[in-house]
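Welcome! Please take a moment to look over the sequence and the 3D view before reading on.

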Amino acid sequence: MTRKKIVAGNWKMNNGLQETEILINELLAETNHSGCEVMVAPSFVSLKTAIDSLNDNDIEVVSQNVHQSNDGAYTGEVSAKMLSSIGIKTTIIGHSERREYFSETHEILKNKVDISLQNSIKIIFCFGEELKDRKTNNHFNIISNQISESLFHLSSSDWDNIILAYEPIWAIGTGETASSDQVQEMHSFIRNFIGQKYSNELAQKISILYGGSVKPNNAKEIFSMTDVDGGLIGGASLKSKDFFSIVNSF
Ligand code: PGA
């Protein structure tokens, strides 16, 4: 089974318009990325510029977040409908920073998933456990819960539009990566979990990315694991050389 391989750069709250243009130009100069699909997620203010600059390129521009309503009195928010209007086809949902700092619950994330699919926007759905969960051997429960609460209402065909990203919170931005064995163990658990709810055939088709301190020096080993289909890259996606070195680690 050949699953889609994906490396996505999550720029988080970094890079204004000028920095976006510079980084995008650097990405455009890197032409060698045949081994996987490449995505970048700039901030809302830079999305349109990034889309226009990458127009004829196969690097996809994706959103970091989306609101759970189509429109209305939600000051400061951006809807799936709006994202769709500028050509966004994929959004990240459920990043641990959104869960933690913006109190996004399973229910809110479920609604974000639904509204995105209604607007024909694919989803990179993130989840991950805290260090205390792993230390108390509760990490499999936490992950099952995050996935089932926000995604298990979906139909089998909806899953054509879902990419998963396992991001243990203790490994995000900390320089501490999960070991490749820990990553493989969790990815295989996730695939089985989805297989039990839906079917093995469906589970085998889902791309599961790993995120959490992926760097040029560890990407190859992580990506070599059977159930790892790519990465969601934070810090290292802000430097074009590092990002492309990760992209070319398959
Ligand atoms: P990091 O972030 O690569 O800086 O650890 C990953 C993420 O939050 O997606």
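Here is a short briefing, grouped by topic.

Please keep in mind that this is a predicted model. We begin with strand β1 (residues 6-10), go on to the ligand and its surroundings, and then visit strand β5 and a few loop residues.

**Strand β1 and its neighbours**

- How many residues of strand β1 (residues 6-10) are buried? The count is 5 of the 5, so β1 is largely enclosed by the rest of the structure.
- In a regular strand, the side chains alternate between the two faces of the sheet.
- In β1, I6, A8 and N10 belong to one side, V7 and G9 belong to the other, and all of them are buried, which leaves both faces covered.
- Strand β2 (residues 37-41) runs parallel to β1 and is joined to it by 5 bridges. To find this pairing in the view, look for I6, which stands opposite E37 of β2.
- Helix α1 (residues 17-29) takes part here too: together with β1 and β2, α1 makes a right-handed β-α-β unit.
- Strand β8 (residues 230-233) is another parallel partner of β1, with 4 bridges between the two. In this pairing, A8 of β1 stands opposite L232 of β8.

**Around the ligand**

- Which residues come nearest to the ligand? Among the 13 residues around the ligand, they are K12, H95, E167, G173 and S213.
- The shell around the ligand is made up of 4 nonpolar, 7 polar and 2 charged residues.
- H95 uses its side chain: one of its polar atoms there lies 2.7 Å from an oxygen atom of the ligand.
- G173 uses its backbone, with an N or O atom 2.7 Å from an oxygen atom of the ligand.
- S213 also offers a polar backbone atom, found 2.8 Å from an oxygen atom of the ligand.
- How much of the ligand's exposed area does the protein bury? Taken alone, the ligand exposes 280 Å², and the protein buries 97% of that.

**Two residues with a positive phi**

- Most residues other than glycine have a negative phi.
- K12 has a positive phi, near 55 degrees, and is not a glycine. You can find K12 in the loop between β1 and α1, and K12 is also one of the residues that come nearest to the ligand.
- S120 is not a glycine either, yet its phi is positive at about 60 degrees. This residue sits in the loop between α5 (106-118) and β5 (122-127).
- Is S120 buried or exposed? With a relative accessibility of 62%, S120 is exposed, because exposed means over 50%.

**Strand β5 and its neighbours**

- After the loop that holds S120 comes β5, where 5 of the 6 residues are buried, so β5 is largely enclosed by the rest of the structure.
- On the β4 (residues 90-93) side, 4 bridges join the strands, and β4 and β5 run parallel. There, I93 stands opposite F125 of β5.
- Strand β6 (residues 162-166) also runs parallel to β5, and 5 bridges join them. In this pair, C126 stands opposite A165 of β6.

**A buried loop serine**

- S207 lies in the loop between α9 (200-205) and β7 (208-211).
- The relative accessible area of S207 is 4%, so this residue is buried, as that word means under 20%.
- What does the side chain of S207 reach? Its partner is the backbone oxygen of K4, at 2.7 Å.

Note on methods. Residues are numbered from 1 along each chain as its sequence is written. This is a predicted model: local features need pLDDT of at least 70, side-chain atom pairs count only at pLDDT 80 or more; totals for chains, interfaces and linings use all residues. Side-chain values use heavy atoms; hydrogens and water are left out. Buried means under 20% relative accessible area, exposed over 50%, partly exposed in between (1.4 Å probe, protein chains only). Two strands pair if DSSP finds at least two bridges between them. A crossover is right-handed if, with the strands pointing away from the viewer, the path from the first strand over the helix to the second runs clockwise. A residue is near a molecule or strand if one of its heavy atoms lies within 4 Å of it. A polar contact is a pair of N or O atoms within 3.5 Å; within protein, one must be able to donate a hydrogen and the other to accept it, and residues adjacent in sequence count only if both atoms are side-chain atoms. Accessible areas come from the Shrake-Rupley method with a 1.4 Å probe; for residues, only the protein chains shown count as cover. Ala, Val, Leu, Ile, Met, Phe, Trp, Tyr, Cys and Pro count as nonpolar, Asp, Glu, Lys and Arg as charged, and the others, Gly among them, as polar.
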